[in-house]
Amino acid sequence: MSKTGTFVIVGAGLAGARAAQTLREEGFDGGIVVIGDEPERPYERPPLSKGLLTGGAEPDSVYVHDAGWYAEHDVDLRTGARAVAVDRSAGEVRLADGQHIRYDKLLLATGARPRDLAAPGIGLDGVLRLRTLADSRRIAAALVDGAHIAIVGAGWIGLEVAAAARQRGVTVDVVETAALPLRRVLGDEIARVFANLHRDHGVTFHFDAEVREVRGTGRLSSVLLADGTELPADAVVVAVGVRPNTELATAAGLIVDNGIQVDASLRTADPDIYAAGDVANAYHPVLRRRLRVEHWANALHGGAAAARAMLGQAVSYDDLPYFYTDQYDLGMEYVGHAPPGAFDRVVVRGDVAKREFIAFWTAGGRVLAGMNVNVWDVVPAIRRLVAAAHPVDLDRLADPDVPLDEL
């Protein structure tokens, strides 16, 4: 196991911070440099669309470590610094200010950035995106009682922002190109659960709709849809997905295809360079396919796994994808991977009308993924069902009287 040298981490988010922490916990006593282009020290992103918008989370609760942790653990954290090139032959990272930082091992944890709309007026003041802590603060400032916001995109981020806005007395219109929120991910039956949840709390949906133009003079005043509907708006939140930040990897000649391609140990084709978090397209040894996962748990565990691999440990990163959401009185956890077209049946146990149920996405009787909604302490059992990868009796799967462990 390597104990010396300099390990450089590009990306000061959760994955990068967890990698630095794990290196020290595993006894690495060489140099650690963490480079982040934001002015903030590493923080977690889930509160940005949840507690920070509703006011339920303390501002300092988002940070991965206390302010003094990095100095105490001899981690050279460089915030407000942008890496612009990786020179693989020299083993160096070049920063925008001209500095060159030598590395023995390099971790790319560069994350992702929001996709944008190709619509006139998208650059007007009041058009917001949510990715950074600064973004969350700007959105929170717009969520004042009596305001009117339009949210473009009914994915997880869009729906969480909508829930936070309604809880603060804001009028909300959600514009979505599909016929239901999250339809491609969940299928129609479960997607309707989220549509009805938000309607019950006063959200107005505009489905099968596209934004033609954002209108205003200097600052936005309305959003014009393709069908001619005009929505008054004090702010617009664009939440139409993200794209991985792969520019450094591409310029360095690494393999990039929907993220930086890495093996099950999170190593690229270059044995000294690794990738983790949103930017990594990793081979999953249990699911036997490549995945790029954009959720919190992947950054949390992937950063740590990459650090151990950088130290020469035998690593096979096989954590199943996991994410959660909190919207109004609905709490949900999801484990597994059921991409559009991969499942042939959704099996439900529990009461969908009461929003207390577990849904399973299945193919050929095998459980690909499970979602527990307001039902708790079942994630380990769902994880075992997904990992087992063998057919189960779907009638028993739907029966709440049959313990999941018996399946």
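## Salt bridges and a pocket: a short tour

Visitor: Which residue meets R384 in a salt bridge?
Guide: Welcome! In this predicted model, the side chain of R384 makes a salt bridge with an N to O distance of 2.7 Å. R384 lies in helix α11 (residues 379–388) and its partner in the segment after α12 (394–397), so the pair ties together parts that are 21 residues apart in sequence. R384 is partly exposed, at 46% relative accessible area. The partner is D405.

Visitor: Is D405 buried or exposed?
Guide: The relative accessibility of D405 is 55%. Exposed means over 50%, so D405 counts as exposed.

Visitor: Which residues are joined into one network by salt bridges that share partners?
Guide: Some salt bridges have a partner in common, and here that links residues into one network. Its members are E213, R215 and E230.

Visitor: How many salt bridges does the structure hold?
Guide: You have already met one of them, between R384 and D405. Another joins D270 and R88, at 2.9 Å from N to O. The total is 20.

Visitor: How many residues apart in sequence are the parts that D270 and R88 tie together?
Guide: D270 sits in the loop between β18 (260–262) and β19 (273–275). R88 is found in the loop between β4 (83–87) and β5 (92–95). The salt bridge of D270 and R88 therefore ties together parts separated in sequence by 182 residues.

Visitor: Is D270 buried or exposed?
Guide: Its partner R88 is partly exposed, with a relative accessible area of 33%. For D270 the value is 8%. Under 20% means buried, so D270 is buried.

Visitor: Where does D200 lie?
Guide: D200 forms a salt bridge with R355, with the closest N and O atoms 2.6 Å apart. R355 belongs to the loop between β24 (345–351) and β25 (356–363), and the pair ties together parts 155 residues apart in sequence. D200 is exposed at 55%, whereas R355 is buried at 15%. The home of D200 is helix α8 (residues 188–200).

Visitor: Which element gives the largest share of the lining of the second largest pocket?
Guide: This pocket has a volume of about 280 Å³. Among its 21 lining residues, the closest to the centre are N298, Y317, D319, L320 and P321. Two elements give two or more residues to the lining, β20 (280–284) and α10 (296–310). The largest share, five residues, comes from α10.

Visitor: How many nonpolar residues are in that lining?
Guide: Sorted by class, the lining of the second largest pocket includes five polar and three charged residues. The nonpolar residues number 13.

Key: Residues are numbered from 1 along each chain as its sequence is written. This is a predicted model: local features need pLDDT of at least 70, side-chain atom pairs count only at pLDDT 80 or more; totals for chains, interfaces and linings use all residues. Side-chain values use heavy atoms; hydrogens and water are left out. A salt bridge is a side-chain nitrogen of Lys or Arg within 4 Å of a carboxyl oxygen of Asp or Glu. Helices (H or I, at least four residues) and strands (E, at least two) are DSSP runs, numbered from the N terminus. Buried means under 20% relative accessible area, exposed over 50%, partly exposed in between (1.4 Å probe, protein chains only). On a 1 Å grid over the protein atoms alone, a cavity is a set of points where a 1.4 Å probe fits but cannot get out, and a pocket is an open set with protein on both sides within 12 Å along at least five of seven lines; lining residues have an atom within 4 Å of a point. Grid points are joined across faces, edges and corners, and a volume is the space filled by probe spheres set on the points. Ala, Val, Leu, Ile, Met, Phe, Trp, Tyr, Cys and Pro count as nonpolar, Asp, Glu, Lys and Arg as charged, and the others, Gly among them, as polar.
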